[in-house]
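Me: I'm new to reading protein models and would like some help. Could you take me through one, a feature at a time?

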Amino acid sequence: MIASVGRSCTIVAAIFSQPSAILQGYKTTPFTEQILYYGGPAFIITGNIPVEVLATYDAPGAATGMPAVIAFPYGDGRICLFGPHPEIEEDDSRDGVTINREDTMDDAGSDWDWVRYIMR
């Protein structure tokens, strides 16, 4: 189930607090990544599918503590869902995306490295 957590365009923290086989070898948990939040969801885990919460939000006034990045098995692989937007480089033009206030936002580096790691 997905819960809406707002429509603001801002930088939030994604907290990777639990060790994960998916992230093994990337960074030692806990660690935090700054990421663009643009009206994305938080996830509410229900049912009997083994869902792994990779990161939770630290977004005061919105969804603090709620799942921001989740993964679960599907067939012979897995699905990974992101509530925030790691694909957008708000402080760089290399993604070809322009958003309001882009020049005032900085996520302290690229999200593409950890997304690439998760996808592998």
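Reply: Sure, let's begin with a pair of neighbouring strands. Strand 5 and strand 6 run antiparallel and are joined by four bridges. Keep in mind that this is a predicted model.

Me: Which residue in strand 6 is the bridge partner of Glu 52?

Reply: That's Ala 71. Along the pairing you can also find Val 53, which stands opposite Ile 70 in strand 6.

Me: What does Ile 70 stand opposite in strand 7?

Reply: There it faces Leu 81. Strand 6 and strand 7 also run antiparallel, with six bridges between them. These two strands form a hairpin, and two residues sit between them. Look at Gly 75 in the turn: its phi is positive, about 60°.

Me: In what order do the strands of the whole sheet come?

Reply: Read it as 3-2-5-6-7: an open sheet of five strands with antiparallel pairing. Strand 3 and strand 7 (77–82) are the edges, since each pairs on one side only. Neighbouring strands aren't perfectly lined up either: on average they're turned by 25° against each other, ignoring direction.

Me: Which helix packs on the sheet?

Reply: Helix 1 does, and it touches strand 2, strand 3, strand 5, strand 6 and strand 7. Its direction makes about 155° with that of strand 7.

Me: How should I think about side chains along a strand?

Reply: In a regular strand, the side chains alternate between the two faces of the sheet. After that, check how enclosed the strand is. In strand 6, six of the eight residues are buried, so the rest of the structure largely encloses it.

Me: Is Thr 56 buried or exposed?

Reply: Buried: its relative accessible area is 18%, and the cut-off for buried is under 20%. Thr 56 lies in strand 5 (residues 52–58). Leaving out residues up to four places away in sequence, Thr 56 touches Ala 13, Ala 14, Ile 15, Gly 65, Met 66, Pro 67 and Ala 68.

Me: And where is Val 12?

Reply: Val 12 belongs to strand 2 (residues 9–16). With a relative accessible area of 7%, Val 12 is buried. Beyond its neighbours within four places in sequence, Val 12 is in contact with several residues, including Ile 35, Tyr 37 and Tyr 57. Try comparing sequence and space here too: Val 12 and Thr 64 are 52 residues apart in sequence, with 9.7 Å from C-alpha to C-alpha.

Me: Which residues touch the most other members of the largest nonpolar core?

Reply: Val 12 turns up again, along with Phe 16, Leu 54, Tyr 57, Val 69, Trp 114 and Ile 118. That core has 21 residues. Strand 2, strand 3 (31–38), strand 5, strand 6 (67–74) and helix 1 (112–119) each give it two or more residues.

Me: What is Ile 118 in contact with?

Reply: Setting aside neighbours within four places in sequence, Ile 118 is in contact with Ile 22, Leu 23, Leu 54, Arg 78, Cys 80 and Phe 82. You can also compare Ile 118 with Gln 24: they're 94 residues apart in sequence, and their C-alpha atoms are 9.6 Å apart. Gln 24 lies in the loop between strand 2 and strand 3, and at 59% relative accessible area Gln 24 is exposed.

Me: How do I describe a pair of aromatic rings?

Reply: You give the distance of the centres and the angle of the planes. This model has four aromatic pairs. Tyr 37 and Tyr 57 form an edge-to-face pair, 5.7 Å centre to centre with 90° between the planes. Tyr 37 is in strand 3 and Tyr 57 in strand 5, 20 residues apart, so the pair links distant parts of the chain. Tyr 37 is buried at 3% relative accessibility, and Tyr 57 is buried at 2%.

Me: Which residues form one aromatic cluster?

Reply: Those are Phe 16, Tyr 26, Phe 31 and Tyr 117.

Me: Last one: what is the average pLDDT?

Reply: The protein averages 79, and 73% of the residues score at least 70. Take a look at residues 1–6 as well: pLDDT stays under 50 there, and the model has 20 contacts beyond four places in sequence for that stretch.

Technical notes: Residues numbered from 1 in each chain as written. Predicted model: local features only at pLDDT ≥ 70, side-chain atom pairs only at ≥ 80, totals over all residues. Heavy atoms only, no water. Buried < 20%, exposed > 50% of the residue type's maximum accessible area, 1.4 Å probe, protein only. Contact = heavy atoms within 4.5 Å. Core = buried A, V, L, I, M, F, W, Y, C linked by side-chain atoms within 4.5 Å. Phe/Tyr/Trp six-rings, centres within 6.5 Å; stacked < 30°, edge-to-face > 60°. Pairing = 2+ DSSP bridges. Axes fitted to C-alpha atoms, helices over the stretch in contact; angles between N-to-C directions. pLDDT = per-residue confidence, 0-100.
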